[in-house]
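The paragraphs below are meant to be read beside the model, moving from one part of the chain to the next. Please keep the sequence and the coordinates in view while following them.

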Amino acid sequence: MTATDRAQVMPKPGHVAVRLRLFESAGDELRDVMTPPWPQWVQRYYELEEHQDPDIAVDAAAITPSAAVSALSERLRNRLVLVSWTLGVLQELGWDVALDGDSLIASCETTPDAALASLEHAGVAGAMCRICDIDEQGWPLLSWNG
């Protein structure tokens, strides 16, 4: 998600904050795995399922509801594993984490440049791009109240 897709986070003065997305709406999550064009990993998943289920025809965009929910289950599991790992790294770096609706907001008293350098050094900045809002350069969108 880009900065224009979500409302900006307003951290405390002198703090940087980033929004981590846990879930989209149930309809959006299901639509992504039920309606082509599918992400490449979903297509491969359905191709594997096609060998076991005669009701699945990937070339004809015919899938079963059970295959779609199974694909969504994999997607959510992988996302939550990534969120869990990311939160562990952020906590080790001294970031605070709070729930904000369907998202988590991580914040730290620092500047955006220092925060990004710290996240890159810890090896988490790139992975965060899969689960957080991103800026125009493709990095985690760090809101700053300085």
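A crossing of two helices is called right-handed if the near helix is turned clockwise from the far one by less than a right angle, and left-handed if the turn is anticlockwise. With that convention in hand, the crossing of helix 1 and helix 3 in this predicted model is right-handed. Before returning to that contact, it helps to set out the chain as a whole.

The chain contains five helices and four strands, and from the N terminus on these elements follow the order β-α-α-α-β-β-α-α-β. Taken along the principal axes, the C-alpha atoms fill a box of roughly 60 × 25 × 25 Å. Of the 146 residues, 36% count as buried. Among the contacts in the chain with a separation of 6 or more, 65% are accounted for by residues 24 or more positions apart.

Two packed helices are described by the angle between their axes and the distance between the axes. For helix 1, which spans residues 26-34, and helix 3, the axes come within 9 Å and cross at roughly 115 degrees. On the side of helix 1 the contact is made by Glu29, Leu30, Asp32, Val33 and Met34, while helix 3 contributes Ala68, Val69, Ala71, Leu72, Arg75, Leu76 and Arg79. Sorted by character, the residues of this contact comprise eight nonpolar and four charged ones, with no polar residue among them.

Helix 3 itself covers residues 65-92, and threonine 86 has its place there. Is threonine 86 buried or exposed? Threonine 86 counts as buried because its relative accessibility is 0%, and the cut-off for a buried residue is under 20%. Leaving aside residues up to four places away in sequence, threonine 86 touches Leu20, Val124, Met128 and Ile131. Glycine 88 also lies in helix 3, but with a relative accessible area of 26% glycine 88 is partly exposed. Glycine 88 and glutamate 47 are separated by 41 residues in sequence, and their C-alpha atoms are 35 Å apart in space.

The contacts of threonine 86 lead on to the nonpolar interior, since Leu20 and Met128 are among its partners. The largest nonpolar core has 21 residues, and those with the most contacts inside it are Val18, Leu20, Leu90, Trp95, Leu119, Met128 and Leu142. At least two residues of this core are supplied by each of strand 1 (15-21), helix 3, strand 3 (103-109), helix 4 (112-121) and helix 5 (125-128). Which element gives the largest share of this core? The largest share comes from helix 3, with five residues. Leucine 142, which is one of the residues with the most contacts inside the core, touches Val16, Ala17, Val18, Trp95, Pro112, Ala115, Leu116 and Leu119, again not counting residues up to four places away in sequence. A second, separate core has 12 residues, including Val33, Tyr46, Val58 and Ala67.

Tyr46, one of the residues of that second core, also belongs to the aromatic part of the description. A pair of aromatic rings is described by the distance of the centres and the angle of the planes. The structure holds two aromatic pairs. In one of them, tryptophan 38 and tyrosine 46 meet edge-to-face, at 5.0 Å centre to centre and with 75 degrees between the planes. The rings of tyrosine 45 and tyrosine 46 have centres 6.2 Å apart and planes at 65 degrees, so this pair is edge-to-face. Through these ring pairs Trp38, Tyr45 and Tyr46 are linked into a cluster. Tryptophan 38 counts as buried at 10% relative accessibility, and tyrosine 46 counts as buried at 0%; tyrosine 45 is buried as well.

Two features of the backbone complete the tour. A cis peptide bond, with omega about 0 degrees, joins proline 36 and proline 37, and proline 37 lies in the loop between helix 1 and helix 2 (40-50). In the loop between helix 2 and helix 3 is found alanine 61, which has a positive phi of about 60 degrees although it is not a glycine. At 38% relative accessibility, alanine 61 counts as partly exposed.

Note on methods. Residues numbered from 1 in each chain as written. Predicted model: local features only at pLDDT ≥ 70, side-chain atom pairs only at ≥ 80, totals over all residues. Heavy atoms only, no water. Buried < 20%, exposed > 50% of the residue type's maximum accessible area, 1.4 Å probe, protein only. Contact = heavy atoms within 4.5 Å. Core = buried A, V, L, I, M, F, W, Y, C linked by side-chain atoms within 4.5 Å. Phe/Tyr/Trp six-rings, centres within 6.5 Å; stacked < 30°, edge-to-face > 60°. Axes fitted to C-alpha atoms, helices over the stretch in contact; angles between N-to-C directions. Nonpolar A, V, L, I, M, F, W, Y, C, P; charged D, E, K, R; others polar.
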